[in-house]
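Okay everyone, thanks for coming. Let's have a look at this one together, starting with the charges and then the fold.

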Amino acid sequence: MKVAAARYRIGMAPDFEAFAEHQRRLLMDAAAAGAEVAVLPEYLALELAATFDAEVRGDTLASFAAIQRYRGDWLALFSGLARDTGMTIVAGSFLLDLGDGRYRNRSDVFAPAGGCDWQDKLQLTAFEKATGVIVPGDALKVFDLGPVRAGVAICYDIEFPLPVRAQWNAGARLLLVPSCTDTEAGATRVRVGCLARALENRCFVAQSVTAGDAPWTPVLDANTGRAAIIAPMDVGFPADGLLAETGDDGNWAVADIDVDALDAARGMAQVANDLDWPGQQRPALARAVASPLR
């Protein structure tokens, strides 16, 4: 299976039609590269705040409220693009109004045959908590993408091993990570999380990122990082885990992943973190004890 993860430069579309046309061109490029799965970045829908006046787009909470009018168009757009491209599309994320003034950071997953499901962000960053209106999700899912079962971990979620491990236990061997970071430290944290989850679960990770500067919005004003397709760092895979990575001006990291190769190469593997996971749960290791040096 060929997977593509976007390094998405934040733009300033004048209307939904312009936004939609940009998505179409971008995703058609991924399909032309042979991708069967395409991942777009976290907070993608907030680019639509550019279609409103400066007072709205310059205000975080006003932006959240304003983009809700595009929810139906958003679903129709990406459902149609999944059908037209033949790809499964992880459409970044949409700050979805729950109807009571609270929002969830929702990643919609669209299948080429017409199906659609979602994964909400489970762990909130300091920024998200500070808004006072974003709440964490309460459901953890996996999705069958043809022969591969996948899970979505939105940005900060990839830094937490236990929910991802639960997705692995449910059969996920591909993690799809829409992300958005505004500092090099943030980009490093998410990348380290991606590498760590690939290592400890012996699985593949596709990380999408935002890029460029957008001073018109307080949410997407600065963006850092590179998109990547990541494998376990072991025999049969790249030593640094990077199957593909964008440079500073690329749009897509694209690579073939072979889930069967994860088991086929196991006999030569130097480590088996996924199978050795229970070893850290031995009762004797549940609590550290102080041991005076003598």
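**Charges, fold and one helix**

So, the mean positions of the 27 positive and 38 negative charges are 7 Å apart. Lys and Arg count as positive, Asp and Glu as negative, with His and the chain ends not counted; each charge is placed at NZ of Lys, CZ of Arg, CG of Asp or CD of Glu.

Quick note: this is a predicted model, where local features need pLDDT of at least 70, side-chain atom pairs count only at pLDDT 80 or more, and totals for chains, interfaces and linings use all residues. Residues are numbered from 1 along each chain as its sequence is written, and side-chain values use heavy atoms, leaving out hydrogens and water.

On to the fold: we have nine helices and 14 strands, meaning DSSP runs numbered from the N terminus (helices: H or I, at least four residues; strands: E, at least two). Of the 294 residues, 50% count as buried, that is, under 20% relative accessible area with a 1.4 Å probe, protein chains only.

Now zoom in on helix H4, residues 71-85. At 1.5 Å a residue, its 15 residues should span 21 Å, and the end C-alpha atoms are 21 Å apart, so that agrees. The expected span is 1.5 Å times one less than the number of residues.

Which residues of H4 are buried? They're Arg 71, Trp 74, Leu 77, Phe 78, Gly 80, Leu 81, Ala 82 and Thr 85. Their cover includes helix H1 (16-32) and strands S3 (88-90), S4 (94-97) and S5 (103-110), counting contact as heavy atoms within 4.5 Å. After H4 comes Gly 86, with a positive phi near 75 degrees.
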